[in-house]
Structures are given as structure tokens and as C-alpha cells.
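Colleague: Could you take a close look at one part of this model for me, the open sheet and what surrounds it? I'd like one connected walk-through rather than a list.

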Amino acid sequence: MEHNAVQSRRERYLTFFLGEEQYGIAIDQIKEIIAIMKVTHVPKTPPFIRGVINLRGLIIPIVDTRLRFGMDAKEEDMNTTIVIVEVDKVNVGFIVDRVEEVASIDSTHMSEPPKFGNKIDTEFISNMAQIGENVVMILNVFKLFEVDELISLDKMQQHTLMGE
């Protein structure tokens with residue numbers, strides 16, 4: 001018997017909040033989740049690069065995700081978390097307001113992000129997902145950075161490692 005049902009598959013995403021907005025990152029891109037820790041400022045980096053941390057001997061660039069998304073900076077609190085993601089072989093930490101959960105999302109609950117025209121950059125949003133009452137923006141971590149920003153993050157990691 002032949003049926004044309006759309007093949008649905010479930011994928012797992014770590015969901016987190018920045019302000020009132022909920023975002024998700026595919027769980028297979030996440031290396032680890034850690035509590036906020038002291039970040040060492042690195043001169044001459046873009047404002048959204050908070051600096052670097054030393055995590056068990058690994059130097060990891062840290063991005064203030066709120067600033068990267070054009071939001072206001074926020075004072076860190078007990079919920080502030082760093083989500084470490086591997087982007088093009090470079091480990092990068094993203095500061096988020098709070099981690100929510102690991103959600104298993106059916107592909108049939110995903111939709112393309114809306115197009116707002118050329119003025120608004122939604123390129124880093126790969127999909128929109130419905131989880132209960134919430135709409136979660138699924139991030140494409142590779143699109144969060146320009147190529148030259150990734151190269152500078154990699155150099156920041158290499159340079160700091162060499163300096164120790």
C-alpha cells in the first residue's frame with residue numbers, strides 16, 4: 001500500500017531564552033553547558049565578543065549573544081549560562097539568559113523563518129518551531145558569524161594558546 005505521508009523525524013534541540021525570546025540550537029552542535037564564569041577581555045575585538053575563558057586548559061572565545069542579536073546588555077544572574085558550541089572546528093561560548101530544556105521537535109512542527117525584507121537580518125534563523133504555546137527560533141550557528149569573524153575567533157584561540 002502506497003501512502004504519501006510526509007516523513008516526519010524528531011530532532012533534539014537545546015532551548016534557551018534571551019529576554020522573552022526562546023531560541024534553540026541542535027543538540028549535536030553543543031559541546032557543553034557551563035555556569036557563567038570570569039571572562040578575560042581581549043582588546044580590539046567587536047563589542048559582542050566578551051573575551052575568552054580558560055576551560056580545563058582550552059581557551060574559548062565568549063560571545064554576548066544579546067549584543068550579537070542587537071539586544072541590550074543584561075546584568076548576569078544565577079540563571080546566566082554559557083552554551084559552548086563547535087562552529088567550523090572552533091569552540092565558541094554563547095552567553096544566554098537561561099537554558100530552558102532539551103526539546104524533541106518533530107520536523108512537521110518546523111517552518112521557514114518569515115522574510116522581513118533586506119533591512120532585517122534573519123539569516124541566522126534556520127527554522128521556527130512550535131513547542132506548545134511557544135514559537136522557538138532555531139539558530140544556524142554557522143550563520144551567526146561572518147567568515148572573517150570566525151577566522152578572528154580561531155586566531156584568538158590560537159594566539160592565546162601560544163601566549164601561555
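Modeller: Here is a walk through the sheet, its loops and the empty spaces.

Bear in mind that this is a predicted model. The protein chain has a mean pLDDT of 84, with 81% of its residues at 70 or more. Confidence peaks in β3, at a mean of 96, and bottoms out in helix α2 (residues 147-163), at 62.

Now the sheet. Five strands make it up, in the order β3-β6-β7-β5-β4; the sheet is open and the pairing is mixed. The edge places go to β3 (30-35) and β4 (49-55), and each has just a single partner strand, so one side of each lacks a neighbour in the sheet. If you ignore direction, neighbouring strands here are turned by 30° against each other on average.

Zoom in on the β3 edge. Its partner is β6 (residues 81-87); the two run antiparallel and are joined by five bridges. To find your place in that pairing, look for E32, which sits opposite I84 in β6.

Next, the loops. Between β3 and β4 you'll find K44, and its phi is positive, about 60°, even though K44 isn't a glycine. That's worth a glance on a backbone plot, since most residues other than glycine have a negative phi. K44 is exposed, with a relative accessible area of 87%. R56 tells a similar story in the loop between β4 and β5 (58-64): another non-glycine with a positive phi, this one near 50°. R56 counts as exposed too, at 66% relative accessibility.

What about empty space? The structure has one cavity of 30 Å³ or more, and the volume of the largest cavity is about 70 Å³. Its lining includes R50, D64 and R66, along with K74, E75, E76, T80, I95, V96 and D97. Sorted by class, that lining comes to seven charged residues, one polar and two nonpolar.

Then there's the largest pocket, with a volume of about 210 Å³. Its lining counts 17 residues, and those nearest the centre are E11, Y13, S126, N127 and I138. Four strands each supply at least two lining residues: β1 (10-18), β8 (98-106), β10 (125-131) and β11 (134-139). By class, the pocket lining has eight nonpolar, five polar and four charged residues.

Methods
Residues are numbered from 1 along each chain as its sequence is written. This is a predicted model: local features need pLDDT of at least 70, side-chain atom pairs count only at pLDDT 80 or more; totals for chains, interfaces and linings use all residues. Side-chain values use heavy atoms; hydrogens and water are left out. Two strands pair if DSSP finds at least two bridges between them. Axes are lines fitted to C-alpha atoms, for helices over the stretch in contact, and angles run from 0 to 180 degrees between N-to-C directions. pLDDT is the predictor's confidence in each residue, from 0 to 100. On a 1 Å grid over the protein atoms alone, a cavity is a set of points where a 1.4 Å probe fits but cannot get out, and a pocket is an open set with protein on both sides within 12 Å along at least five of seven lines; lining residues have an atom within 4 Å of a point. Grid points are joined across faces, edges and corners, and a volume is the space filled by probe spheres set on the points. Ala, Val, Leu, Ile, Met, Phe, Trp, Tyr, Cys and Pro count as nonpolar, Asp, Glu, Lys and Arg as charged, and the others, Gly among them, as polar. Buried means under 20% relative accessible area, exposed over 50%, partly exposed in between (1.4 Å probe, protein chains only).
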